[in-house]
Amino acid sequence: MNIKIRIEELRLSFGKAEILKGINIDVYKNKITGFMGPAGSGKSTLISLINRMIDFEENAEITGRVSIDGEDILGDKIDEVQLRRRVGTVFAVPIPLPRSIYDNIAYGPRLKNRNERKELWPLVVESLKKAFLWDEVKDRLDSSALKLSGGQQQRLCLARTLALEPEIILLDEPCSGLDPISTAKIEEALNELKKDYTIILVSNNTKQIARITDYAAFFYMGTLIEYGPTEKLFTNPSERKTEDYIQGKFG
Amino acid sequence: MRINPRFVDKLVKIGLNSQAFFTVGILVTIVAIIFFKGSPYLNMEFIFSSPEDMGRHGGIFSTIIGTVFLVLLSIFVATPLGVGTAIFLTEYTKESWFTKTIRFGVESLAGIPSILYGLFGFIFFVIKLGMGWSLMAGVLTITIMILPTIIRTSEEAIKAVPRNLRIVSYSLSATKWETVTKVVLPSAGPGILTGIMLSVGRAVGETAAVIFTMGSSLRLPTSLMDSGRTMAVHFYILAREGISMEKAYATALVLVLSILSINIIAYYIMNRVTSKYS
Amino acid sequence: MIKKTFSKEHFVKLVLISFALSSLLFLFLIFIFILAEGLPLFHKIGLKNIIFGFKWAPTKGSFGIFPMIVSSFLVTFGALIIGAPLGLSCAIYLSEYSGKRLKLFLKPALELLAGIPSVVYGFLGVIYIVPLVRNYFGGAGFSLLATSVILGVMILPTVISISFDALMSVPKTYREGSFAMGATKWQTIYKVIIPSAKSGILASFILGMGRAIGETMAVIMVAGNALKIPTSMLDPLRTLTSNIALELAYASGDHRLGLFSTGVVLLVIIMTLNYIANFAIKRRVLK
């Protein structure tokens, strides 16, 4: 198994508040890895380091190393723009851009100067298919993305990310607030996608983690409590806290 | 004797009501007077022929051209400067002594009355820089005058764009400038345009700053160094020298109609585009 | 994935910084040049002789602008007396007594009123207000009274829109609490809402003052042109702004410098007013 992302001794604080207290974890290529834990455990902050969206927060003090394919991605010398082409993100709340469905998907590729219709079109179609949204929108690609339902918008966000042809996809509580059918569609899509992408799924929904992830990491208050194959974590967890969390004793 | 507060309440309501209607009445009266006194003299000939005999005869064509040139060129220069400043203040820095100083500069510029702009434009552009009374001097002066308005309204419009649209753009690998041009500015567009239209309206009606920089030549300006006359300046001269009441009213009508249509266009843009993709 | 040291983004930021600095540059230039032309005469003739001098005869060496300073303040107060109560009443009516539709209609109407050029106000003032004053009150018609009326109308949009904003930003809960205690609408307004909005309202008055004292074209047309301090509402007068505008075109040498000195005085007064107004607004925001 290849290590796609390696995180070493990662600490992050905002002033006196320590959010991440020394995280060490290896994320494997072409697997779905789940980051689970109650609110405030630092899981969303952790992935904001992988896509360097943490840059938009002021006053963050970071030590440690985050590397993708062996290359450290923290630090001023790294080009975040190139990084974000390799690491795509889907946020908790779907945020379509105020333009057509087609233009939403094409936004990323156009930034890479893929402007020709004959290049863009297959890319858009492919991305929508991979996100399991194609059938529902194929007749109305020019209509406003704002008219889609919540579940459709979220799949749009996924397709938008796929259009950039990333290597890694980060999803931060993507199904919170979505109905079960939309959730199922997204999970189905992720299952297919892991063949070609490395996926990290942040979720507070333990059942979802159990359903679709290959590896699971349990975070609590900024510390990684336990990490391993999902099946093991859920059937025979080594840590007491993990067991309590999975059983819903807190969270 | 204690007056019933309910009664006072009713009195007050009537009092305020009538004052509000009185104020609206003033506006209506002003527009009506201009309209009724001016429209008899407003015709195609008036618009398309230039003033003759100091304005006693002929129309206002050269002044319309003068106005259009002055305003368009000023907007052309002031818009990038103003929107750029607004972008800088909102997207490229966080609040600091530097931004506070710049804002102070902008607010101060906004407070300067037009006669002082005229005075400055006169000594700096006309005299010291040797431009003489010219379109160029007028444009530069008016540009500075309308800059604060454009900066203020642009900043408001840009700030109103939701933060998460920017986040999405960045996460899709856009640079800051790409995010500004592809996401922020299109969303803020209507607000910015409204600010520009308001500035246009102000520049069209401006007299004190224009007469001492662009001058009041009746010739049609054909180059930047030519002097010229705007409608507002022409109107002022007509009125003050008592040259022609009818022409004055007609000019006033054209002025007010222009400003009215500019305001209407501004509101139309504001309302139409916001409903399209909101 | 290494960054380039100097990229398009750096270039853009540099360009935008220079755009932002341009505002400071312009302000600087305006101050420098007006002061450069205006201060020498203070030096040569003496600050007291100019500011407190009573005689303005620049071609003969007299640069006293005291009557004009007084006149500027008189028309400003006159404008306030007419425009402030009326404007505040309209603002109150708009915020407390009118529904959404009316509010939506009135905002553009206000902007239209504000958009009418000052020369048009001046013109209508000469045609209608000046004769009115002459016939009903006496005097030449070109007077402090006529000027105050015109300026009062001209500052209405400023007073109304800023007071309106101040009144609207009073929290709904204040009103509800007052009504719950049995107060009538008017009692609520003058006991609760106005005190709450008072710094914004005050700011609107001060900004209105700033507008009035800087107004030129309308004043030239209706104020007459007398170089003496007006002793009654019906006397004509000349303000600082008219002084500059009436003589700049043909002034030269010391005469022109005198006009710039007038400009310096005007600049100082206006900057002070603006500063006070901004202070008042900031206090409201801090509350």
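## Chain C, chain B and a shared nonpolar core

Of the 287 residues of chain C, 50% count as buried. Keep in mind as you look around that this is a predicted model.

Let's stay with chain C for a moment. Its secondary structure consists of twelve helices and two strands, and the order from the N terminus is α-α-β-β-α-α-α-α-α-α-α-α-α-α. Some overall values for this chain are gathered here.

| Property of chain C | Value |
|---|---|
| Box filled by the C-alpha atoms, along the principal axes | roughly 80 × 70 × 30 Å |
| Share of contacts with a separation of 6 or more that join residues 24 or more positions apart | 73% |

Now to the interior. The largest nonpolar core holds 246 residues, and those touching the most other members are B:Phe235, B:Ala252, B:Leu255, C:Ile150 and C:Val222. The element giving the most to this core is helix H6 of chain C (residues 144–168), with 16 residues. Because domain 1 (5–41) and domain 2 (44–276) of chain B both contribute residues, the core lies between them.

B:Leu255 is a good place to zoom in. Neighbours within four places in sequence aside, B:Leu255 is in contact with B:Val204, B:Gly205, B:Met231, B:Ala232 and B:Phe235, and also with C:Pro117 and C:Val120.

Finally, the two domains of chain B deserve a look of their own. The C-alpha centres of domain 1 and domain 2 of chain B are 30 Å apart. Seven residues from domain 1 of chain B and eight residues from domain 2 of chain B make up the contact. On the domain 1 side, the residues touching domain 2 of chain B comprise four nonpolar, two polar and one charged.

Key: Residues are numbered from 1 along each chain as its sequence is written. Chains are lettered from A and ligands numbered from 1 in the order in which they are written. This is a predicted model: local features need pLDDT of at least 70, side-chain atom pairs count only at pLDDT 80 or more; totals for chains, interfaces and linings use all residues. A nonpolar core is a set of buried Ala, Val, Leu, Ile, Met, Phe, Trp, Tyr and Cys residues joined through C-beta atoms within 7 Å. A residue is buried if 20 or more other C-beta atoms lie within 10 Å of its own, exposed if 12 or fewer, and partly exposed in between; C-beta atoms are placed from the backbone. Helices (H or I, at least four residues) and strands (E, at least two) are DSSP runs, numbered from the N terminus. Domain bounds come from an automatic or database domain assignment. Two residues are in contact if their C-beta atoms, placed from the backbone, lie within 7 Å. Ala, Val, Leu, Ile, Met, Phe, Trp, Tyr, Cys and Pro count as nonpolar, Asp, Glu, Lys and Arg as charged, and the others, Gly among them, as polar.
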